[in-house]
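Q: I am new to this structure. Please take a close look at the empty space in it, and then set that beside a few other parts.

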Amino acid sequence: MATTAELFEEPFVADEYIERLAWRTPGGGSRGGEAFDPKRLLEEFVNHIQELQVMDERIQRKVEKLEQQCQKEAKEFAKKVQELQKSNQVAFQHFQELDEHISYVATKVCHLGDQLEGVNTPRQRAVEAQKLMKYFNEFLDGELKSDVFTNSEKIKEAADIIQKLHLIAQELPFDRFSEVKSKIASKYHDLECQLIQEFTSAQRRGEISRMREVAAVLLHFKGYSHCVDVYIKQCQEGAFLRNDVFEDAAILCQRVNKQVGEVFSNPETVLAKLIQNIFEVKLQSYVKDQLEEHRKSDAEQYLKNLYDLYTRTTNLSSKLMEFNLGTDKQTFLSKLIKSIFISYLENYIEVEIGYLKSRSAMILQRYYDSKNHQKRSIGTGGIQDLKERIRQRTNLPLGPSIDTHGETFLSQEVVVNLLQETKQAFERCHRLSDPSDLPKNAFRIFSMLVEFLCTEHIDYALETGLAGIPSSDSKNANLYFLDVVHQANTIFHLFDKQFNDHLMPLISSSPKLSECLQKKKDIIEQMEVKLDMGIDRTLNCMIGQMKHILTAEQKKTDFKPEDENNVLIQYTNACVKVCGYVRKQVEKIRSSMDGKNVDTVLMELGVRFHRLIYEHLQQYSYSCMGGMLAICDVAEYRKCAKDFKIALVLQLFDTLHALCNLLVVAPDNLKQVCSGEQLANLDKNILHSFVQLRVDYRSARLARHFS
């Protein structure tokens, strides 16, 4: 195998290289069935090593030659770099010399220019002074001969000259030059009028370039402001033809904003003057016409118009903020708005409160009139409170109860109307009140809401509802107070939502927040007390109704039948009617309340229901069959108690059911039943009292089990 440098290119693997060499050598392997010949393979390896040595020497000589060549080129390159550095230093020196020479020449040129200017400026001033003296002499002689004064096309040059002569004339003594001064002033005034007239004509023709030219000349005249006034007046001609003066004003300002920069050198001042004119003339007149018409005759329309006009004015101001009106455009626009509305905003809140008061009173009165109800005065004070407490605790008839025929005197329509009026008042208050007065004004509106919604409507309905609750011993009483509770809860939610959505943002960062929260808390607590009182008395009436049913329907023979073997009923008629009544009341309570209030009231009713049945069962004697019937009744009561879905109530009836088992259990098993799981924790006196109800209590000597 010929040895070349290409055989050693990367990647080079020595083992593979030896294998290839052996494989190519005849007798070096088993290729072609030839026998292995180690001598021949050794000879081939020796020859190949010699070839490798020769190749290594050849490559080494080549490397040395290349290294020498590289060193030679490196020296030549270094020499060339040194020569270039020397050339660069020479060039840099020449550049510095040239720069110094240029600076010297420039200094000389500037000095020469200053000298020339120093000579030329006085010369120009002298020439100009000579011309002015010439023109002054013409005024002095009383005859204007110069072409600049007689040629109307040279009005610009004439204006420049007369403006300078006018300034000079002001310095001259009056006694000697009074006549010429008056002539110059007259010419000054005539030219000023001509320029303004020319500006007006150019504006009507829409010649922007001519307007800009004339405005630049007038800039140095006293009548420049009059030119601006003329421009502003003509801009507004035909601009306010539609009904929407605010939209017209915005469009006008947008159009003028594009043009004013092309005409005047101080466009922001001219635009600001235009806006001021629009506000103080057009808008102020429009606002006055809209508001004065209703100010004394129609408070509702007046407030709506005031809110609408102020909102549209502030919206217009926001649009105008996009334009360049000078440094402090926010303050400028705020002052313009204030100048229009200050007389209306000063007493705004008094008008708002007066309207809200009369409107709320009218809404309530209209509702009571629709019910043919004369609102009565609800008694308050110590005597009334004492009567309420006595009636609540003893159910004594301290005066006649009011028959409202099931009317709650609560109306969601009335509530929505009151809340809507208050919502609009809050929105107007937010927009029209000074930021420093906003929390105070919002609190006054809230106080109106509390007075008419909470006190005059809800509280009156609660008081009327309380007075309409019959005593607990009334028969077939209509217990509609739960309807009052249901509607009051709904109204409270609406009231709370408006408090959070519309009042809170207005007072959240002021001391009035705590005052409003406390007022809201007090009114809710006050009403909750009356709701609790009414619910408690309603529950007493429910228990009274149940007691009346039991008294009327339960017979002594129910639990001690004459024929023990001929009892066909599963439970007594009294039980059926009481359970039917209780289920209706439970359903009524669930539909009238929400949240935890349902469980709280049902628990209280369930406990009182249990106590009533417990005390009722204590009134009778029970035979064996009567005891079984009592157990069936209690089982039905327990099934009814499951509708309460209150664990405590169900537990009480479970215990009562276990107690009723004592009425039928065999005497020998009595002690075992008393120690059962449900009765073990009860007082022995309770167990004994139930056992005493058995007809065989004495004959079976059952008292011995409790001795």
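A: First, a term: helices and strands here are DSSP runs, with at least four residues for a helix and at least two for a strand, numbered from the N terminus. The model is predicted.

Begin with a stretch that the term describes. Residues 49–87 are 100% helix and 0% strand. The C-alpha atoms at the two ends of this span lie 57 Å apart. UniProt, in an unreviewed entry, gives residues 49–87 the feature "coiled-coil region".

Now the empty space. Rolling a probe the size of a water molecule over the atoms shows where such space is left. The largest pocket holds about 650 Å³. Its lining has 25 residues. Nearest the centre of this pocket lie Tyr-310, Leu-345, Leu-432, Ser-433 and Asp-434.

Which helices build this wall? Helix 10 (299–320), helix 11 (329–345), helix 12 (348–370), helix 14 (412–432) and helix 15 (438–468) each supply at least two residues of the lining. Helix 11 gives the most, with six residues. The lining is mixed in class: ten residues are nonpolar, eight are polar and seven are charged.

The second largest pocket comes next. About 480 Å³ of space lies in it. Of its 20 lining residues, Asn-489, Glu-528, Leu-531, Asp-532 and Asn-597 are the closest to its centre. At least two lining residues come from each of helix 16 (481–507), helix 17 (512–553) and helix 19 (596–617). Helix 17 has the largest share, seven residues. By class, the lining of the second largest pocket divides into nine nonpolar, four polar and seven charged residues.

Last, the cysteines. How many disulfides does a search of the whole structure find? The search finds zero. Take Cys-235 as a case. The nearest cysteine sulfur belongs to Cys-253 and is 9.6 Å away. A disulfide needs two cysteine sulfur atoms within 2.5 Å, so Cys-235 is in no disulfide.

Is Cys-235 buried or exposed? Buried means under 20% relative accessible area. Cys-235 has 5% relative accessibility, so Cys-235 counts as buried. Cys-454 is at 0% relative accessibility, and therefore Cys-454 counts as buried too.

To recap the close look: the largest pocket has about 650 Å³ of space, and helix 11 gives the most to its lining. In the second largest pocket, the largest share of the lining comes from helix 17.

Key
Residues numbered from 1 in each chain as written. Predicted model: local features only at pLDDT ≥ 70, side-chain atom pairs only at ≥ 80, totals over all residues. Heavy atoms only, no water. 1 Å grid on protein atoms, 1.4 Å probe; cavity = no way out; pocket = protein on both sides within 12 Å on 5 of 7 lines; lining within 4 Å. Points joined across faces, edges and corners; volume = space filled by probe spheres on them. Nonpolar A, V, L, I, M, F, W, Y, C, P; charged D, E, K, R; others polar. UniProt positions renumbered as here; feature names shortened; annotations may be inferred. Buried < 20%, exposed > 50% of the residue type's maximum accessible area, 1.4 Å probe, protein only.
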